[in-house]
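Work through these exercises with the structure open beside you. Try each task before reading its solution.

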Amino acid sequence: MESYGYNPSVHIASDKNLAVGRVISEHRGLYKVMTKYGEVNAKPAGKMYYASDDETSLPSVGDFVGMVCNENRGDSVISEILPRKSVFVRRAAGISNRPQTLAANFDYVFIVTSMNLDFNISRIDRYVALAWESGGIPVIILSKADLCGDRAEIISEISKSHPGVDFHMVSIVTGEGMEELAAYFKGNRTVVFLGSSGVGKSSLLNYLSARKMMEVKELRNGIEKGRHTTTHRELFILPGGGVVIDTPGMRELGLWHAGDGVEKGFAEITACIAALAQNCRFSDCGHSGEPGCAVAEALENGGLDADAYERYMKLRKESMFMETKISEKATYESRKKQRQFSKMIKNMKKETW
Ligand SMILES: Nc1nc2c(ncn2[C@@H]2O[C@H](COP(=O)(O)OP(=O)(O)OP(=O)(O)O)[C@@H](O)[C@H]2O)c(=O)[nH]1
Ligand SMILES: [Mg+2]
Ligand SMILES: [Zn+2]
C-alpha cells in the first residue's frame, strides 16, 4: 500500500476493524480499490448516498477509504472516506449547479496545456485558482514542445501571469523536460493530470510508465477534434515510484468553491491593488469609477497590467457568484432536511398514539 501513496500516520480508519484501501477507479458507482489483499471491487455503503444531495460525500479516485473487505466473492463495502489532504472540485459540466469531485489526495496538480494549439492563459488562470484551493500545488506542464515554433511568447506570458507556479516544457517525441518531472514523484507522491482533451495527458503517463497504461488518440496532421480518448479517471503507480491520476479532458472548468484560490492565483495583482488602494481618494474606494481612484490611474498609465486585471476581475466575479449559489444551495438543503425531519417526527407520533 505504501507504493500507492499510503501513509499510516495520515490515513487511519476510525474503526480498527476496517481495512484501508485507495480508490483506483470508479465507473457508474462501482469502484476498484487497492487494498493489502490486492485489487477489489467495492460499493459505497448506503449511508454515503444519503450524506449529501450531491456526489461530494462519495469516494473519489485517489481517496483513501476504510472498508469491509469481502475476501470470498462479491463486492466489498466502503464505509468511510479517510480525511483528504487535498481534493479537486469543479462545477459539473452542463447547466445545473452541482459540484464534481475530480480527484483526491494528490500532492501536485499538473495543469497540462499543449504548446501548439491549446495555449490559453485565461484557462490556465482557472486551473491555477482551483488547484490552489484544492490543497495541491499547481505545476504548469507545457506539452508538445516539439511542435512549438516560437516559445518566447508562451514563456513570457506564463512567467508574467503565474510567477509563483513552476512550469516545464515537455515532449514525448524528443524526451525534453521529462527528467525534470521525476522529482515530483519522489516518495510515492501523487500527481493528478488535468487539462483539455488531446493535450497529451495519457501520453505523458505512458512515457513516464515506459509502457502503455492508457489509450492515446491517433492524430492525423497533429490535429483532431472529436471524441475524448480517456473516458474515466484512473490511478496508476509508476515503475520508479510515484502515483498518477489520469483524467479525461475537460471542455470547460467551471469554478466551484474557489475560496481564496483566485486571490492566490493572482497574488501579484491583488498585492498591487492593495498597495494602490492606499492612495485612492476614498478609503472605501471600490475601484469602479470613483474619482481619485489610484487603481484606475495605474490601469491608465500602465502601472497595473490591464489584461491581467481584467482576467482577475472576471474570475473573481464568477467565484463570488458561485459562493452565493453554494450558500443558497446549502440553505435550501438544510431546510429540506428540517422539513423531512419534522415530517418523520409527526409520523412517529401518529404511530405511537
Ligand atoms: N508531437 C507530439 N505529439 C504528442 C505529444 N504528446 C502527445 N502527443 C499526441 O497528442 C495526441 C493526444 O494525446 P493523448 O495523450 O491521448 O491526450 P489526452 O490529454 O490524454 O486526451 P484525452 O484523454 O482525450 O483527455 C496523441 O496522438 C499523442 O501522440 C508530444 O509531446 N508531441
Ligand atoms: Mg487521455
Ligand atoms: Zn480606487
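## Exercise 1: The zinc site

In this predicted model, the donor residues of the zinc ion (ligand 3) follow the sequence spacing C-x4-C-x1-H-x5-C. Task: find which atoms coordinate the zinc ion (ligand 3), and decide whether its site is tetrahedral or irregular.

Solution.

1. List the donors. They are Cys280 (SG), Cys285 (SG), His287 (ND1) and Cys293 (SG), at 2.1 to 2.4 Å from the zinc ion (ligand 3).
2. Check the angles. Among the four donor atoms they run from 103 to 114°. Four donors count as tetrahedral if all angles lie between 85 and 135 degrees, so the site of the zinc ion (ligand 3) is tetrahedral. The ideal angle for four tetrahedral donors is 109.5 degrees.
3. Place the outer pair. Cys280 and Cys293 both lie in the loop between helix H7 (267–277) and helix H8 (294–301), so the pair ties together parts that are 13 residues apart in sequence.
4. Check burial. Cys280 and Cys293 are both buried.

## Exercise 2: The magnesium site

Task: identify the protein donors of the magnesium ion (ligand 2), and say where in the chain they sit.

Solution.

1. Name the donors. Ser202 gives OG and Thr230 gives OG1, at 2.0 to 2.1 Å from the magnesium ion (ligand 2).
2. Locate them. Ser202 is in helix H5 (residues 201–209), while Thr230 is in the loop between H5 and strand E12 (234–237). The two are 28 residues apart, so this pair links distant parts of the chain.
3. Test burial. The cut-off is under 20% relative accessible area. Ser202 has 7%, so this residue is buried. Thr230 has 9%, so this one counts as buried too.

## Exercise 3: The surroundings of H5

Task: say how many of the nine residues of H5 are buried, and what covers them.

Solution.

1. Count. Eight of the nine residues of H5 are buried. Among them are Lys201, Ser202, Leu204, Leu205 and Leu208.
2. Find the cover. It includes strands E8 (108–114), E9 (137–143), E11 (190–195), E12 and E13 (243–246), along with helix H4 (178–182).
3. Look past the end. Just after H5, Ala210 takes a positive phi of about 60°.

## Exercise 4: The length of H2

Task: work out what span is expected for the 14 residues of helix H2 (residues 121–134), then inspect the ends.

Solution.

1. Set up the estimate. The expected span is 1.5 Å times one less than the number of residues. For H2 this gives 20 Å.
2. Compare. The end C-alpha atoms of H2 are 20 Å apart, which agrees.
3. Inspect the N-terminal end. Asn120 caps H2: a side-chain oxygen lies 3.0 Å from the backbone nitrogen of Ser122.
4. Look just after H2. There Gly135 takes a positive phi of about 100°.
5. Note the buried residues of H2. They include Ile121, Ile124, Val128 and Ala131. In an α-helix, residues three or four places apart point the same way, because there are 3.6 residues a turn.

## Exercise 5: The setting of His168

Task: decide whether His168 is buried or exposed, and find which side chain it meets in a polar contact.

Solution.

1. Place His168. It lies in strand E10 (residues 166–169).
2. Test burial. His168 has 11% relative accessibility, so it counts as buried.
3. Find the partner. The side chain of His168 makes a polar contact with that of Tyr184, at 2.6 Å.
4. Add other contacts. Beyond four places in sequence, His168 touches residues including Val139, Ile141, Glu180 and Leu181.

Key
Residues are numbered from 1 along each chain as its sequence is written. Chains are lettered from A and ligands numbered from 1 in the order in which they are written. This is a predicted model: local features need pLDDT of at least 70, side-chain atom pairs count only at pLDDT 80 or more; totals for chains, interfaces and linings use all residues. Side-chain values use heavy atoms; hydrogens and water are left out. Donors are N, O and S atoms within 2.8 Å of the metal (3.2 Å for Na, K and Ca); water is not among the atoms, so sites may look incomplete. Helices (H or I, at least four residues) and strands (E, at least two) are DSSP runs, numbered from the N terminus. Buried means under 20% relative accessible area, exposed over 50%, partly exposed in between (1.4 Å probe, protein chains only). Contact means heavy atoms within 4.5 Å. A polar contact is a pair of N or O atoms within 3.5 Å; within protein, one must be able to donate a hydrogen and the other to accept it, and residues adjacent in sequence count only if both atoms are side-chain atoms. Four donors count as tetrahedral if all angles lie between 85 and 135 degrees; four count as square planar and six as octahedral if opposite donors are over 155 degrees apart and all others between 65 and 115; anything else is irregular.
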